[in-house]
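This report describes strand pairing, aromatic contacts and internal cavities in one protein model. Please consult the sequence and the structure shown below while reading.

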Amino acid sequence: MLGAPILVLLLAQAQPPAPAQSQPQSPAQAAPAAPPRLVAPTRADILRGEYGRYRANNDLLYYHLDVRVDPAKKWIGGKNTIRFKMLKDDTRIQLDLYANLNVDTVLLGTTALKYERELNTVWVDFPETLKAGRTYAIDVHYSGNPKEIGRFGGFAFKKDSEGNDWIYSSCEGEGAMVWWPNKDQWRDEVERMDLSISIPNDLVDVSNGAFVRKTDLGDGYTRWDWQIHYPINNYSVSVNIGKYVHFGDTLGDLPLDFYVLPGSLEKAKRQFAQAKPMIEAFDHYFGEYPFAKDGYKLIEVPYSGMEHQSAVTYGNRFANGYLERDWTGVGVSPKFDFIIIHESGHEWFGNAVSAADVSDMWIHEGWTTYLECLYVEQVFGYEDALKYTNGYKAKVRNREPIVTQRGIHRTPSQDMYFKGALFLHTLRNVVNDDPRWWKLVHDVYQRFKYQNILTEDLVRFVNEQLGQDLTPIFDQYLRRADLPTLELVFDEREGTVAYRWKADERAFAMPVKAGRAGAWEILKPTTDWKLLKTQIKKDEFEVATDLFYINVTKQ
Ligand SMILES: [Zn+2]
């Protein structure tokens, strides 16, 4: 996803509206804003975000979501079969479904279970203790009119320009529980999933996974069956229902399937040609596309786009840039379709490597924004990549840490995208050995694909691979608001410059390139003063701020 407007709800409007929909701003244009005011978590935040006893007592294995969607009534109903393994003996589990949708019945076999609803939570109670190590399956039957909410719609019943139904889900911020009952948190994913979506005969459903079959139900409805062969985030599960036409291609053994409205077909055939070099670029850096058995799809939708796993949705007007704008404002973004590259990049980081708590969402967004930079480097070269990456500086605010409080589902600020990418770019220059850096990012992906991790898992792995403790660097960039500042104090008569880091992390020690461009010296500042002999005058002494995202002061 791009942008996180839900933030304003939680930070009492301390943050200006998401820049994702506005022109890129230079620092001079960025409006000064009050520091964020923290708001105590509500009961709803805790129910949503806490990996509490009744979530932690079980491990998800499988969903079969089998629903009917009635466009005329803007209604959805059906059941989700949930299979899980108990990790502890217990008599209750926590599921989630928006309060406006009805739970019709919850069945264990033929036994109706008791359940209790609290806000958007469904507490399911079992008449006998479920035993640790055993696997159980329940059917949650539900129905109602899902809400159209949030930036992209949650679950939306729309019409296309010809007046045909165009219905879709896009609910990362709101939660999948906006339209179906599930264990709605980030830490635990099913291993695989089946989706059966019944819709009027004249419409097409495109969902995640491999297409299995469609079945005419004989009552004016057709059921579309899709099979997902991999772990999947709940919010990534999606329906896209419309008058779609299909065209396809392959990349080696990987099927590429494209679904657009009939009027978009020619534009799409031209624009979606960017999918192949995109996949090849990310294959190059990280290894093969993670969801080969499910294929890769691009599906036209009426909002900008979303990284639904193996079913990336696209609404970028079949034009380069982001909604026809130069996204980082330096002339590189118009060379490619931002939504194809960004949302598909999430297949590697976001969908394959996933964060275990929304607090660590930079693992999705910071990495995927960095993937854009890698795509630019692979396709257009290093100079463009450097420009494109540094173009992101104008979007960073440095007003609050990127990693937020755990357990309350508080979406981090947009810095997780732009500062996250600039941090990874900085880390590359800390490593200062590109073959080693490419091996590291490749190995990070390979180590953590199909897993849900926290920042500390990533830091531990990077430290092990590099044989260095970079924890204070990660902490300063991710867990502190301010950038590190390189303080330089010149004594031209003595021919010296004193230098140190001003940083919140006392142990912050990051090498940096300084002196003369093209003949950089590597300084190894810490938070204590050091002295360097130099013939370079204060005005001519440069710091490689295009390689290291830092502040510099000179006196
Ligand atoms: Zn994103």
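How many bridges join strand β12 to strand β15, and do they run parallel or antiparallel? Strand β12 (residues 192-200) and strand β15 (residues 221-228) run antiparallel and are joined by eight bridges. Within this pairing, the bridge partner of Met-193 in β15 is Ile-228. Two strands count as paired if DSSP finds at least two bridges between them; helices (H or I, at least four residues) and strands (E, at least two) are DSSP runs, numbered from the N terminus.

The model is predicted, so local features need pLDDT of at least 70 and side-chain atom pairs count only at pLDDT 80 or more, whereas totals for chains, interfaces and linings use all residues. Residues are numbered from 1 along each chain as its sequence is written, and side-chain values use heavy atoms, with hydrogens and water left out.

**Strands and sheets**

Both β12 and β15 belong to an open sheet of eight strands with mixed pairing, in the order β5-β4-β8-β2-β1-β12-β15-β14. Its edge strands, β5 (111-112) and β14 (210-216), each pair on one side only.

Strand β11 (residues 165-170) is mostly covered, with six of its six residues buried; buried means under 20% relative accessible area, exposed over 50% and partly exposed in between (1.4 Å probe, protein chains only). In a regular strand the side chains alternate between the two faces of the sheet. In β11, Asp-165, Ile-167 and Ser-169 point one way, while Trp-166, Tyr-168 and Ser-170 point the other way.

Two antiparallel neighbours of β11 and two of strand β26 (residues 512-516) are listed here.

| Pair | Bridges | Example of opposed residues |
|---|---|---|
| β10 (residues 153-159) and β11 | six bridges | Gly-154 and Ser-170 |
| β11 and β16 (residues 240-242) | two bridges | Tyr-168 and Asn-240 |
| β26 and β27 (residues 519-523) | five bridges | Lys-513 and Ile-522 |
| β26 and β29 (residues 542-543) | two bridges | Ala-514 and Val-543 |

Two of these pairs are hairpins. β10 and β11 have five residues between them, and Gly-163 in the turn has a positive phi of about 85 degrees. β26 and β27 have two residues between them, and Gly-518 in the turn has a positive phi of about 90 degrees. Of the five residues of β26, four are buried.

**Aromatic contacts**

The structure holds 51 aromatic pairs. Rings of Phe, Tyr and Trp (its six-membered ring) pair if their centres lie within 6.5 Å; planes under 30 degrees apart count as stacked, over 60 as edge-to-face and the rest as tilted. Phe-286 and Phe-349 form an edge-to-face pair, 5.3 Å centre to centre with 70 degrees between the planes. Phe-286 lies in helix α5 (residues 275-286) and Phe-349 in the loop between α6 (338-345) and β22 (353-355), so the pair ties together parts that are 63 residues apart in sequence. Both Phe-286 and Phe-349 are buried.

**Cavities**

A search of the whole structure finds four cavities of 30 Å³ or more. On a 1 Å grid over the protein atoms alone, a cavity is a set of points where a 1.4 Å probe fits but cannot get out, and lining residues have an atom within 4 Å of a point. The largest cavity holds about 70 Å³ of space. Its lining includes Tyr-370, Glu-377, Thr-389 and Arg-428. Helices α7 (362-380), α8 (382-391) and α9 (415-431) each supply at least two residues of this lining.

How values were computed: On a 1 Å grid over the protein atoms alone, a cavity is a set of points where a 1.4 Å probe fits but cannot get out, and a pocket is an open set with protein on both sides within 12 Å along at least five of seven lines; lining residues have an atom within 4 Å of a point. Grid points are joined across faces, edges and corners, and a volume is the space filled by probe spheres set on the points.
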